[in-house]
Amino acid sequence: MKEQKTQIAPSILSADVLRLEEQVSALVKNGADFIHVDVMDGHFVPNLTFGPNMVKALKRITSLPLDVHLMISNPDLYIEKYAQAGADILTVHQEACTHLHRTIQSIHNQGIKAGVSLNPATSLSTIENVLDDMDLLLIMTVNPGFGGQKFIPQGIKKIAEARKMIDTSGRDILLEVDGGVDSKTVKNIVQAGARVLVSGSAIFGQPDIVKAMKELKNLAEKAL
């Protein structure tokens, strides 16, 4: 398995939608690795956010991989729509999938990468039998639904266990973390084994979003 560097995935959940193109373009030019799109349906999580049209719009302004995180019920109904809109990675929640293996297959059938996300209370054991089919494992370190939440400390142990599980599998599965990733938590997150860091308010909530992202990425790289 090849060594993975740390990568930053700014989450547009915290972006200024009136300046979205400007902000995304600035981050892309200054080292962002993915653009993370949090899709919420007001049912699986208590919030409403973006639809396929947002993914389609982002595809017009960046060639970076669009990391689309479906925090929705019945994700199977929307896989084709988001794939056609331009998602490069489509991540579904284990908790929302009745037949997780089938859902992963459906994503791959669209010609894109498949990720699986686990809420803080969900055990890693629930994805052991589909690990060989996944391209990305997303560990939630807050309860999904809102940006700006504090990191749940117990997440560090889970990240470390996920790193061990992935390394044992021998597969190049991206280990991503979402929730409370900022300058105070990033060192422990990376040292536990995460390699893709989703960050919203710690970047978009700062006066200088480019400076904030660069500082976060620098801290992540130093932690390796």
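In the predicted model, the largest pocket has a volume of about 360 Å³. Its lining is made up of 29 residues, among which Gly148, Gln149, Gly179, Gly180 and Ser201 are the closest to the centre of the pocket. With respect to secondary structure, the elements that contribute two or more residues to this lining are the strands β2 (35-40) and β8 (196-199) together with the helix α7 (201-204). In chemical character, the lining residues of the largest pocket comprise 13 that are polar, eleven that are nonpolar and five that are charged.

A helix-helix packing was also examined. Helix α1, which covers residues 20-29, packs against helix α8, which covers residues 209-223, at an angle of about 35°, and the axes of the two helices lie 9 Å apart. The crossing in which α1 passes α8 is right-handed. On the side of α1, the contact is formed by Gln23, Ala26 and Leu27, whereas α8 supplies Ile209, Val210 and Met213. Of the residues in this contact between α1 and α8, five are nonpolar and one is polar, and none is charged.

At the level of the whole protein chain, the secondary structure amounts to eight helices and eight strands. The radius of gyration of the chain is 16 Å, close to the 17 Å that the globule rule gives for 224 residues, and the protein chain is therefore as compact as a globular protein of that length. Measured out along its principal axes, the C-alpha trace of the protein chain spans about 45 × 35 × 30 Å.

Note on methods. Residues numbered from 1 in each chain as written. Predicted model: local features only at pLDDT ≥ 70, side-chain atom pairs only at ≥ 80, totals over all residues. Heavy atoms only, no water. Axes fitted to C-alpha atoms, helices over the stretch in contact; angles between N-to-C directions. Helix = DSSP H or I, 4+ residues; strand = E, 2+ residues; numbered from the N terminus. Left-handed = near helix turned anticlockwise from the far one by under 90°. Contact = heavy atoms within 4.5 Å. Nonpolar A, V, L, I, M, F, W, Y, C, P; charged D, E, K, R; others polar. 1 Å grid on protein atoms, 1.4 Å probe; cavity = no way out; pocket = protein on both sides within 12 Å on 5 of 7 lines; lining within 4 Å. Points joined across faces, edges and corners; volume = space filled by probe spheres on them. Rg over C-alpha atoms; globule rule 2.2 N^0.38 Å.
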